[in-house]
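Please explain how the interior of this protein is put together, taking its buried residues, aromatic rings and cavities in turn.

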Amino acid sequence: MTLTSDTASTTTPAQAQRVLVLQGGGALGSYQAGAYQALSHSGFEPDWIAGISIGSVNAAIIAGNEPSQRVNKLKEFWQMVSSPVPWVPVPVAVPKDGRQRELFNETNAVFVATFGAPGFFAPRVPPAPLWPKGSPESQSYYDTSPLRRTLERLVDFDRINDLKCRLSVGAVGVTSGNFRYFDNVELNRLGKRLGPEHIMASGALPPGFPSVVIDGEHYWDGGIASNTPLDYVLDAETRNDLLIFQVDLFSARGPLPKTMLDAAEREKDIRFSSRTRMTTDKNRQLHNTRKAVLDLIDKLPDHLRDDPSAVYLREATRENTVTVVHLIYKSKHYETNSKDYDFSHVAMVEHWEAGVRDVHRSMRHKDWLERPQSGETMVTYDLSDAENPSKKE
């Protein structure tokens, strides 16, 4: 896979550099794993993966393994962290009002909050308030050292640092408040390596998880500032054409809440959706404005095309073609505010299968693999509409 070569202007999306963008969302991340499984079965193997929070964990497992091992490693991770539950919903079919399943979900979320998730996080003993003030242990409910051991076992960081696949993960400086991406390509240029600590920093959501120290700076979960890496990808690559498959776990759109639990869930959806549609709309407008400038310059007389201002504008507006295929997890009517920390095996399998199903459905409509006739340089396809999954936003 080539990370740095220029792409010809005639490249179609099917031939462009392939990018997988993974939003944060805790236990919902198994949806991304299922989506990746379906994508890989369809021949989509990314050249570049960018993630936030649990999206970073999935991204590291994918980038840090050979293509033939990626799905197995993802399954191993998600089967391990799916905690045992104290009871199983009976009957299996969800009632129309979903109350029995809501009770199951909430009970399991409480179970996870109390006992943690195997291979991921465990409650502090003694609890945080009993540790000396200012100590790392006093600032979070859980210990995430199990996640480091899991990452070291499931991810080949030598492969990541050999740049077999580009990997970018986002985190926020605790004291600076600045957002930062840790990118294996950029770190390599600086003579540094990307390791488990960078993945853990991207998922260190307070006050549940402790900050992670990298080069003397404390970092928290990137989702605090922005829960999608799309902006970073678009800013970092402006020359090669891109085909971006963006898998989000929270939907900015949703129904009016009817209960307090509904309100808490809706607030979380809005907060962590990071307004990705606004981001894609903004970037599409910017891309097409640049194209209009280039078209206008091409219409100038020869003596004006060589004007220093025209030369500068031509260089500044050089534009790649970007196709964003946007897939958003749609919550079930019985899921509540706890859906992102319900690590039950039942929920994990349900989310995984939803990811597989949604991608398989979208693969039946491959309009997004063709160059749009409109001549636009950035096009977004919204695959969240079951009736018309290839509808352009």
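## Inside the model

Gln32 has a relative accessibility of 2% and therefore counts as buried, the cut-off for that class being under 20%. The model in which this value was computed is a predicted one. Gln32 belongs to helix 1, which covers residues 30–41. Once neighbours within four places in sequence are set aside, the contacts of Gln32 are Leu22, Gln23, Ile54, Gly55, Asn58, Val247 and Leu249.

The nonpolar residues come next. In soluble globular proteins, nonpolar side chains tend to be buried together. Here the largest nonpolar core contains 68 residues. Within this core, Phe77, Phe120, Leu167 and Phe245 are the residues with the most contacts. Helix 2, residues 54–63, contributes seven residues to this core, the largest share. There is also a second core, separate from the largest one and made up of 15 residues, among them Val19, Leu230, Val233 and Leu242.

The aromatic rings give another view of the interior. The structure holds 18 aromatic pairs. One of these is formed by Trp78 and Phe343, whose ring centres lie 6.4 Å apart with 15° between the planes. The pair is classed as stacked because planes under 30 degrees apart fall in that class. Trp78 sits in helix 3 (residues 67–81), while Phe343 is in the loop between strand 10 (322–328) and helix 14 (345–362), so their pairing ties together parts that are 265 residues apart in sequence. Trp78 and Phe343 are both buried.

These two rings are also members of one aromatic cluster, together with Phe77, Phe120, Phe121, Tyr141, Tyr142 and Phe209. Phe77 and Phe120 thus appear in the cluster as well as among the residues with the most contacts inside the largest core. A charged side chain is involved at another ring: Arg166 is placed over the face of Trp48, 4.1 Å from the ring centre.

What space is left inside? Searching the whole structure gives three cavities of 30 Å³ or more. The largest cavity encloses about 40 Å³. Its lining consists of Arg101, Asn105, Glu335, Thr336, Ser338, Lys339, Asp342, Ala347 and Glu350. Helix 4 (99–115) and helix 14 each provide at least two of the residues that line this cavity. Helix 14 also bounds the loop that carries Phe343 of the stacked pair.

Methods. Residues are numbered from 1 along each chain as its sequence is written. This is a predicted model: local features need pLDDT of at least 70, side-chain atom pairs count only at pLDDT 80 or more; totals for chains, interfaces and linings use all residues. Side-chain values use heavy atoms; hydrogens and water are left out. A nonpolar core is a set of buried Ala, Val, Leu, Ile, Met, Phe, Trp, Tyr and Cys residues joined through side-chain atoms within 4.5 Å. Buried means under 20% relative accessible area, exposed over 50%, partly exposed in between (1.4 Å probe, protein chains only). Helices (H or I, at least four residues) and strands (E, at least two) are DSSP runs, numbered from the N terminus. Contact means heavy atoms within 4.5 Å. Rings of Phe, Tyr and Trp (its six-membered ring) pair if their centres lie within 6.5 Å; planes under 30 degrees apart count as stacked, over 60 as edge-to-face and the rest as tilted. A charge sits over a ring if NZ of Lys or CZ of Arg is within 6 Å of the ring centre and within 35 degrees of the ring normal. On a 1 Å grid over the protein atoms alone, a cavity is a set of points where a 1.4 Å probe fits but cannot get out, and a pocket is an open set with protein on both sides within 12 Å along at least five of seven lines; lining residues have an atom within 4 Å of a point. Grid points are joined across faces, edges and corners, and a volume is the space filled by probe spheres set on the points.
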